[in-house]
Amino acid sequence: MSASEMPKFSEARLAEIDALIKRYPSAKSALMPVLYMAQQDFGYLSMETQQMVADVLNLRLMEVREVVTFYTMFKEQPHGKYLLEVCTNASCMLNGADELYAQMKDILGIGPGEITEDGLFSIAEVECAGACAGAPVVQVNNVYHEKVTAESMEALITKVRAGEAI
Amino acid sequence: MISSDPKKVQRICFDNIEVENMHKLEVAKKHGAYAFLPTVLKEFDAEKIIDEVKTSGLRGRGGAGFPTGLKWSFVPRNTGKPTYLLCNADEGEPGTFKDRDIMRFDPHLLIEGMIMAGFALGVKDAYIYVRGEFLHEYNVMCAAIEEAYAANLLGDNILGTGFSMNLLMHRGAGAYICGEETALIESLEGKSGRPRFKPPFPAVEGFYGCPTVVNNVETIATVPAILEHGGAWHAAIGKPNNTGCKIFSVSGHVNKPGNYEVPMGTSLRTLVEDFCGGLQHGTVPKVIIPGGSSTPWLMGEHYDVPLTYDDIMKAGSFLGSGAIIIMDETADVVAVTRRLAHFYAHESCGQCTPCREGTGWVERILTRVDAGEGTHADIQVLKDASTHMAGRTICALAEGAAAPVLSMLKHFPEEVEAKLKEEQAEKSS
């Protein structure tokens with residue numbers, strides 16, 4: 001990657017980051033929020049993006065890597081436009097989450113870590129979503145869908161494919 | 001929408017939870033939010049607040065049940081270092097989903113509690129550490145905090161009282177262990193969330209080495225009512241040593257899963273039958289997980305247990321966060337245990353060998369057993385590995401991982417045996 005292709009935060013983002021750092025006793029505390037910003041702006045956290053975050057916060061790359069690799073919500077690989085995450089933990093499992101996840105894999109023809117050919121979907125099985133009253137729970141790009149059924153799951157996928165809002 | 005209150009029981013944190021648009025400052029104020037705050041900031045001092053909270057008997061609602069007033073009194077004064085207040089909104093224990101409702105439906109209650117607690121502890125900077133997946137709740141809280149700043153309820157010289165405090169939302173990023181208070185502190189310092197050795201306790205040496213109080217959302221949200229009505233008022237609700245109300249998150253095989261706040265001491269049967277619409281199948285639960293997935297299982301014979309810290313401990317488990325997972329007669333207990341074992345193996349931070357290796361080992365054996373490929377020898381290893389993990393690590397995750405496995409082996413040996421390879425071979429021969 002040449003220097004001109006290196007990811008770069010916008011001026012507005014840099015100002016936001018400067019203000020954020022002041023809210024903590026040390027700039028290092030801003031690492032997680034800044035990683036979220038980077039992920040939002042660049043889709044996922046490539047090594048170049050992680051280096052950029054390290055530079056902005058005056059940290060070593062390894063300090064950033066330690067955090068990125070520890071937390072499941074920081075993504076080092078690109079994923080589909082819609083990331084469907086099924087919670088399969090106890091309460092969701094007791095209410096049919098495993099069957100739902102199997103159905104999702106069937107409909108989309110992909111496994112975890114893969115992207116559908118049209119670039120629209122990726123799927124993942126996640127640990128407790130903390131919304132057990134709504135079991136089974138599916139997060140679509142961080143928006144919770146609760147009490148999901150085989151029918152509602154299929155309807156959601158159809159809507160996305162048709163370009164409709166979900 | 002939030003579950004309604006069919007019995008009109010006394011509630012504290014959920015008093016206004018069904019009010020439409022309660023998340024907006026204007027509506028919250030109409031329903032009493034911040035009304036008593038000026039009195040606290042002008043007429044109370046730290047000692048009086050801590051005394052009231054001690055009198056109230058409030059015990060931490062995050063899981064450990066430690067007396068809140070006592071925790072606050074441990075914070076050393078005049079150390080020359082700032083004191084920090086951190087609200088634990090990480091809420092990652094399977095079965096727990098109560099703090100989410102306070103944050104999304106009544107965020108100003110939590111903010112008001114943070115201001116009062118911050119005032120009592122002499123805090124200038126407070127943080128709410130929310131689990132990363134709760135993006136909606138994070139956004140609702142951020143908007144409410146912004147409104148509070150605009151109304152001079154946060155920031156410099158709050159309501160002209162001379163007290164100043166900042167409050168910032170901070171998102172985690174998917175790590176159950178960050179609900180452990182020292183791991184939460186590490187995470188807030190911008191590191192991987194690995195629990196610290198205690199002592200030193202956070203009250204003395206916490207966030208960046210400074211005195212720090214970490215309290216759960218529900219605990220903090222109870223403070224405004226305690227100060228307004230008095231500690232004695234709170235102490236009169238519930239049972240001695242188990243005072244006040246508690247939000248119970250009920251999920252699994254019940255007809256109306258949800259969050260229900262009831263006075264402590266209400267029986268489990270009442271909660272499930274009167275509030276949750278009973279079980280999906282059968283009349284008595286097969287398994288009751290009383291306080292989140294890390295607590296030992298209770299059986300149907302405990303259906304009438306009063307929901308208090310002490311009664312549940314007497315029955316052989318813990319009240320924990322009040323997250324009750326109910327399994328009826330249709331539950332495959334081996335499959336559920338296998339799933340929980342996967343969770344703990346996935347969420348182990350990896351710094352202690354018994355946990356890092358033990359949780360993975362247990363998961364692999366249980367996967368084998370659940371698939372009909374396990375043997376009798378596996379059962380002994382499962383028992384030994386689980387027993388040896390518990391109590392041999394920095395934090396309680398390993399103990400939590402062992403609880404469901406040991407519970408399953410103790411209460412359902414015949415269901416485990418029925419899945420073993422030897423048993424299956426015998427059946428088919």
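**Interface and local environments in a predicted two-chain model**

In this predicted model, 37 residues of chain A are in contact with 57 residues of chain B. The area buried between the two chains amounts to about 3700 Å², and carbon and sulfur atoms contribute 57% of this area. Polar interactions are also present across the boundary: 21 residue pairs, both members at pLDDT 80 or more, are in polar contact between chain A and chain B. On the side of chain A that touches chain B, the elements giving two or more residues are α2 (31-42), α4 (61-70) and α5 (90-93) of chain A. Of these, α2(A) gives the most, with four residues. When the residues on this side of chain A are sorted by class, 22 are nonpolar, 10 are polar and five are charged. The interface of chain A and chain B also holds two salt bridges. In a salt bridge between Glu127(A) and Arg339(B), the side chains meet with an N to O distance of 3.1 Å.

The secondary structure of chain A consists of seven helices and four strands, and these elements follow one another along the sequence in the pattern α-α-α-α-β-α-α-β-β-β-α. Taken along the principal axes, the C-alpha atoms of chain A fill a box of roughly 50 × 35 × 25 Å. Of the 166 residues in chain A, 51% are buried. Among the contacts in chain A with a separation of 6 or more, 59% are accounted for by residues 24 or more positions apart.

In chain B, helix α6 spans residues 107-121 and thus has 15 residues. From its first C-alpha to its last, α6(B) reaches 21 Å, which is close to the 21 Å expected at 1.5 Å a residue. Because 15 of the 15 residues of α6(B) are buried, this helix is largely enclosed by the rest of the structure. The residue that follows α6(B) is Gly122(B), which has a positive phi, near 70 degrees.

Two further positions in chain B, one in a loop and one in a helix, were examined individually. Thr266(B) is found in the loop between β8 (258-263) and α11 (268-275) of chain B. With a relative accessible area of 16%, Thr266(B) falls under the 20% cut-off and is therefore classed as buried. The side chain of Thr266(B) reaches the backbone oxygen of Pro263(B) at a distance of 2.6 Å. When residues up to four places away in sequence are not counted, Thr266(B) touches Val305(B), Pro306(B) and Leu307(B).

Ala401(B), by comparison, has its place in helix α16 of chain B, which comprises residues 397-411. The relative accessible area of Ala401(B) is 6%, so this residue is likewise buried under the 20% cut-off. Leaving aside neighbours within four places in sequence, Ala401(B) is in contact with Tyr344(B), Thr359(B) and Met389(B). Between Ala401(B) and Thr55(B), which are 346 residues apart along the chain, the C-alpha atoms are separated by 35 Å.

Methods. Residues numbered from 1 in each chain as written. Chains lettered and ligands numbered in written order. Heavy atoms only, no water. Contact = heavy atoms within 4.5 Å. Buried area = accessible area lost by both parts, 1.4 Å probe. Salt bridge = Lys/Arg side-chain N within 4 Å of Asp/Glu carboxyl O. Polar contact = N/O pair within 3.5 Å; in protein donor to acceptor, adjacent residues only side chain to side chain. Nonpolar A, V, L, I, M, F, W, Y, C, P; charged D, E, K, R; others polar. Expected span 1.5 Å × (residues − 1). Buried < 20%, exposed > 50% of the residue type's maximum accessible area, 1.4 Å probe, protein only.
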